[in-house]
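I set out here what I looked up in this structure, entry by entry. Each entry takes up one place in the model.

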Amino acid sequence: MNSLKFTAMFLFFGTLLFGQNVSVSDYNVPVSTAKILRLNGTYNWSQSSNDSITVVTANNAAATLIFRSFYSSLPFAWFINVDAIGGKAFADWTHDISIRPSIRKYIWDDMDWFGFAAFDARHANTFKQIESNFQVGGGYGRYINATALAKAVRIEEHLLKEGVIKDHLPKETMIKIANIIERESEFQGVYGDTYEKEWYEAIEKEIKDSGYLVGNALGAIGILRTQQVLKAINERVNERYYGWDLNIGVLFNLSKRDKSPTNSPALALSGEFSYPIGWSSQVDAFANVNTPVDSTFFKQVITVAGINYLYELSNRINFVAGYNLNYITPSAGKSYADHNLTASFVFYLENYINLGINANMVRSGLTKQTDLSSSVTLQYNFF
């Protein structure tokens with residue numbers, strides 16, 4: 001019995017590890033781009049009543065807007081991150097908006113060393129003015145958006161299941177298909193409203209040239225499955241990134257939220273890491289550490305770190321979990337840590353609309369208070 005279990009496990013994991021001919025690190029393109037715009041909305045209403053009185057205990061609405069865009073090439077890259085939260089609780093309006101643009105100039109065209117400049121600004125309804133910082137420095141690393149290759153893998157899975165292809169396609173074919181998927185805007189610019197026909201035929205040609213196509217064409221089911229993946233019909237392929245970077249620089253505080261004098265310049269160290277685990281999971285992690293360059297150098301330290309995990313349970317259901325840590329070492333007094341743990345199930349409903357069931361735990365190291373919350377959200381993915 002144990003022998004049979006071992007054999008079954010070996011075959012299962014062998015299929016995961018060796019069935020696919022292409023891995024995410026094979027997708028090494030000279031230019032990589034990505035753009036995400038999402039809107040989440042929530043509403044919470046509740047009341048409490050007894051024989052004599054009814055009281056509304058909650059009447060809250062909130063919306064979250066997330067925008068991510070990056071362009072990465074050798075020798076230049078830029079990133080734009082925007083997070084905006086707005087809401088109303090009874091008669092009180094709240095907002096919290098942050099913008100974080102940055103640019104990189106790679107020193108050599110064939111190496112990943114770069115100089116960078118970054119700016120961040122934030123304003124909330126409790127601030128007296130905008131809080132802002134500017135950072136300059138250098139680093140090493142590069143990010144690649146491999147979502148196009150993930151879509152190619154999803155198309156391959158469907159074609160195998162439908163018997164349109166004989167086996168997993170060669171790595172070279174998968175890379176070529178991903179490059180065609182990446183060039184959607186190019187096809188649209190050349191062929192106009194009928195570009196999808198040319199786009200699908202270019203993908204079909206690569207599959208046919210591989211010698212793995214059953215018959216002479218993808219056929220109706222092959223085109224349908226390809227369209228479902230590329231146009232997010234009845235399913236969604238989540239973003240896939242891989243790469244890492246390490247940065248060191250000087251952080252200049254330009255303004256503080258309470259209009260008090262600005263902080264001393266600080267030494268800032270940071271790093272990021274992203275990598276898909278197989279083709280169903282994505283891990284993203286980051287860490288930032290800064291300390292003032294003054295008499296409190298490495299006596300006062302602020303550390304922010306986090307890790308996020310996404311797992312595609314199916315083509316229509318995702319599990320997302322995240323953990324963020326803020327560790328504060330003041331120049332005087334004891335250090336403390338704030339913890340934020342989140343977990344969500346995201347259900348793909350129709351085209352670009354998702355339903356999320358979320359849970360959140362926040363533990364404040366300063367007040368020793370733990371807050372638990374849950375919510376249901378509707379998310380619209382613009383792109």
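**Entry 1: Two serines in loops**

I looked up S364 and found that its relative accessibility is 18%, so S364 counts as buried (buried means under 20% relative accessible area, exposed over 50%, and partly exposed in between, with a 1.4 Å probe and protein chains only). I note that this is a predicted model, in which local features need pLDDT of at least 70, side-chain atom pairs count only at pLDDT 80 or more, and totals for chains, interfaces and linings use all residues. Residues are numbered from 1 along each chain as its sequence is written, and side-chain values use heavy atoms, with hydrogens and water left out.

I placed S364 in the loop that lies between β13 (353-363) and β14 (370-381). Helices (H or I, at least four residues) and strands (E, at least two) are DSSP runs, numbered from the N terminus. Leaving aside residues up to four places away in sequence, I found S364 touching A337, D338 and Q369; contact means heavy atoms within 4.5 Å.

I then turned to S260, in the loop between β7 (241-255) and β8 (266-277). S260 counts as partly exposed because its relative accessibility is 23%. Its side chain makes a polar contact with the side chain of K256 at 3.5 Å (a pair of N or O atoms within 3.5 Å; within protein, one must be able to donate a hydrogen and the other to accept it, and residues adjacent in sequence count only if both atoms are side-chain atoms). I also looked up S260 and D109, which are 151 residues apart along the chain, and found their C-alpha atoms separated by 43 Å.

**Entry 2: Three strands**

I found that β11 (residues 317-329) and β12 (residues 336-350) pair in the antiparallel sense over twelve bridges; two strands pair if DSSP finds at least two bridges between them. Within this pairing, L325 has H339 of β12 as its bridge partner. The hairpin of β11 and β12 has six residues between the strands, and there G333 takes a positive phi near 105°.

I followed β12 onward to β13: the two run antiparallel and are joined by eleven bridges. Here A343 has A359 of β13 as its bridge partner.
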